[in-house]
Amino acid sequence: MTIRPSELDDARAIAPHLDDADLAEIAAMGHEPMDALYDGIRLSTVSWTVCQRGEPIGVFGLAGSIVWLLATPRLRSLRRGLVQEARWWVDEIQGDLPVIRNIIDSRQVKNIRWLRALGFT
């Protein structure tokens with residue numbers, strides 16, 4: 001697994017394979033998957049792409065004070081092994097910001113557990 005700065009083409013690679021929970025949240029906000037990924041990459045101060053064997057499987061970044069992640073099931077299946085590294089990335093993203101946030105549908109129990117494991121309340 002590697003993490004590199006995101007490119008707009010990553011949106012095309014990931015959009016057709018997004019996790020069902022991410023697709024549901026994107027639809028609830030009235031967006032299309034490709035637009036959500038493209039805008040996330042384009043509008044973020046920083047964004048990174050997680051690749052497995054060179055193939056993009058997730059994108060995360062910071063837009064304003066909102067940290068976000070959109071991923072395929074391949075990344076979601078690695079969650080437990082990623083918690084320690086993800087905590088480092090959360091600290092890196094936060095930098096000098098006093099607070100970072102994530103907006104999430106309360107029905108997305110797995111994603112809420114993931115955020116709690118990363119230190120969000």
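This tour passes through a predicted model, from one helix residue to the largest pocket and then to two nonpolar cores.

Begin by selecting Ile 26, which sits in helix α2 (residues 20-28). Ile 26 counts as buried because its relative accessibility is 2%, against a cut-off of under 20%. Next, display its contacts beyond four places in sequence: Leu 18, His 31, Glu 32, Pro 33, Ala 36 and Leu 70. For a distance check, add Leu 37, eleven residues from Ile 26 along the chain; the two C-alpha atoms are 9.6 Å apart.

Turn now to the largest pocket, which holds about 940 Å³ of space. Its lining comprises 38 residues, and Val 67, Trp 68, Leu 69, Leu 70 and Asn 102 are the closest to its centre. To view the walls by element, select α2, α3 (33-43), β3 (55-63), β4 (66-71), α4 (73-76), α5 (79-94) and α6 (109-117), each of which gives two or more residues to the lining. Helix α5 gives the most, with seven residues. Colouring the lining by class shows 26 nonpolar, five polar and seven charged residues.

Then select the largest nonpolar core, a set of 18 residues in which Phe 60, Val 67, Leu 75, Ile 93, Ile 100, Leu 118 and Phe 120 have the most contacts. At least two residues of this core come from each of β2 (46-52), β3, β4, α5 and α6, and α5 supplies the largest share, five residues. Centre the view on Phe 120: beyond four places in sequence, Phe 120 touches Val 67, Val 90, Ile 100, Arg 101 and Leu 115.

Finish at a second, separate core of eleven residues, among them Ala 11, Ala 15, Leu 18 and Leu 70. Leu 18 and Leu 70 were also met as contacts of Ile 26.

Notes: Residues numbered from 1 in each chain as written. Predicted model: local features only at pLDDT ≥ 70, side-chain atom pairs only at ≥ 80, totals over all residues. Heavy atoms only, no water. Helix = DSSP H or I, 4+ residues; strand = E, 2+ residues; numbered from the N terminus. Buried < 20%, exposed > 50% of the residue type's maximum accessible area, 1.4 Å probe, protein only. Contact = heavy atoms within 4.5 Å. 1 Å grid on protein atoms, 1.4 Å probe; cavity = no way out; pocket = protein on both sides within 12 Å on 5 of 7 lines; lining within 4 Å. Points joined across faces, edges and corners; volume = space filled by probe spheres on them. Nonpolar A, V, L, I, M, F, W, Y, C, P; charged D, E, K, R; others polar. Core = buried A, V, L, I, M, F, W, Y, C linked by side-chain atoms within 4.5 Å.
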